[in-house]
Amino acid sequence: MWIANTIAQARQHRGRMTGLVALVPTMGALHKGHLWLIESARQLAAGVVVSIFVNPIQFGPEDDFDRYPRCLDQDLAACERSGVVGVFCPPVAEMYPPGRAASQLIVPELADPLEGEQRPGHFAGVCRVVAKLLNIVQPEVACFGQKDYQQLRVIEAMVQDLAMPVRVVGVPTVREEDGLAASSRNAYLTCPQRRQALGLYKALVEAKTLVETGGESDPAAVEAAMDRVLRAYRIDVDYAVVRHPRTLASLQSLEPDRTDGVVTLVAGRVGGVRLIDNMVLAQPSPDWARQC
Ligand code: AMP
């Protein structure tokens with residue numbers, strides 16, 4: 001497995017790879033969600049490249065950039081065990097040399113609501129790093145988790161709009177046995193907070209039952225029900241919404257047959273830890289997110 005710290009090294013290694021290449025961009029602290037992404041990528045390409053880079057420009061001043069978990073040696077070993085061909089893990093100065101003018105990439109319609117509202121500038125940082133990683137590694141396929149649903153939508157839109165020559169694949173969320181979505185930030189949780197965090201999943205399941213079993217068509221009723229569950233678990237709610245699965249627009253009424261399902265998205269804080277999750281409901285064709 002090759003390891004590249006500079007853009008020049010990554011390009012050199014990439015140039016020697018043959019067959020389809022899939023890129024799995026990550027911020028490291030790899031968990032089973034990342035490993036499933038790598039496994040999915042392996043099924044789609046001859047060689048998988050993983051990038052490990054805690055991207056400072058997608059963190060706001062209040063965010064956890066400084067304390068974000070970093071364990072490169074463990075991550076490299078996990079990549080090696082998972083059959084990854086190469087890892088690109090640049091230092092910050094390699095990606096963002098001081099004094100160089102920065103470009104900006106924004107996808108306002110999809111990036112402004114929800115996470116964009118809670119974390120101004122977050123998706124501009126995500127788009128810039130993803131575009132840069134795609135330009136450096138030049139993969140035919142790039143895999144992203146549906147766990148970060150809005151991020152996936154934003155990246156798909158950016159890639160489509162800029163005619164980037166890469167196929168974006170959305171990979172379903174990997175969960176712990178009780179339903180909590182695997183996340184690098186789960187490592188911050190104490191035992192009681194870990195039990196509280198399950199409220200995110202429970203809220204999504206409540207929405208699923210209301211929509212899929214109860215036939216609830218009023219978005220406000222679904223959102224209120226999710227909010228109740230989150231508060232019962234003493235989660236500080238940032239949002240609990242049901243939206244159009246592609247545009248993320250608000251809906252007057254839920255008509256999943258017409259919109260190809262609906263997506264419920266939740267975000268909140270447990271202690272100081274901010275967690276997000278989502279679930280696509282009442283979806284006639286579960287594979288749509290893969291067809292980009
Ligand atoms: P991160 O390291 O948190 O930036 O995540 C890197 C990639 O892994 C992103 O595409 C995430 O959406 C994806 N990811 C994170 N958690 C999960 C999960 N539980 N299941 C599937 N993919 C995930």
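## A sheet, a bent helix and some unpaired cysteines

Let's start with a single residue: Cys71 is partly exposed, with a relative accessible area of 25%. Keep in mind as you look around that this is a predicted model. Below we meet the cysteines again, then a six-stranded sheet, and finally helix α9, which spans residues 191-213.

**Cysteines**

- A disulfide is a covalent bond between the sulfur atoms of two cysteines.
- How many disulfides does the count come to? The count comes to zero.
- Cys71 shows why a bond can be ruled out: its closest cysteine sulfur belongs to Cys79 and lies 11 Å away, too far for a bond. For a disulfide, the two sulfur atoms would have to be within 2.5 Å.
- Cys127 has a relative accessibility of 1%, so this residue counts as buried; the cut-off for buried is under 20%.

**The sheet**

- Try tracing the six strands in the order β1-β4-β3-β2-β5-β6; they form an open sheet with parallel pairing.
- Which strands stand at the edges? They are β1 (2-4) and β6 (167-171), and each has a single partner strand, so one side of each is left without a neighbour in the sheet.
- On average, neighbouring strands of this sheet are turned by 25° against each other, ignoring direction.
- Five bridges link β5 (residues 141-145) with β6 in the parallel sense. Within this pair, you can find Cys143 opposite Val169 of β6.

**Helices packed on the sheet**

- Helix α1 (residues 7-16) packs on the sheet and touches β1, β2 (21-26) and β4 (86-88). The direction of α1 makes about 150° with that of β1.
- Helix α8 (residues 149-161) also packs on the sheet, where it touches β5 and β6. Its direction makes about 170° with that of β6.

**Helix α9**

- Here is a small check you can follow: at 1.5 Å a residue, the 23 residues of α9 should span 33 Å, and the end C-alpha atoms are 33 Å apart, which agrees.
- Where does α9 bend? The bend is at Tyr201 and amounts to about 25°.
- Several residues of α9 are buried, among them Gln193, Gln196, Gly199, Leu200, Leu204 and Val211.
- The cover over the buried residues of α9 includes the helices α10 (219-232) and α11 (256-259), along with the strands β8 (262-270) and β9 (273-281).
- After α9 comes Gly215, with a positive phi near 65°.

Key:
Residues are numbered from 1 along each chain as its sequence is written. This is a predicted model: local features need pLDDT of at least 70, side-chain atom pairs count only at pLDDT 80 or more; totals for chains, interfaces and linings use all residues. Side-chain values use heavy atoms; hydrogens and water are left out. Helices (H or I, at least four residues) and strands (E, at least two) are DSSP runs, numbered from the N terminus. The expected span of a helix is 1.5 Å times one less than its number of residues. The bend at a residue is the angle between axes fitted to the seven residues ending there and the seven starting there. Buried means under 20% relative accessible area, exposed over 50%, partly exposed in between (1.4 Å probe, protein chains only). Contact means heavy atoms within 4.5 Å. Two strands pair if DSSP finds at least two bridges between them. Axes are lines fitted to C-alpha atoms, for helices over the stretch in contact, and angles run from 0 to 180 degrees between N-to-C directions.
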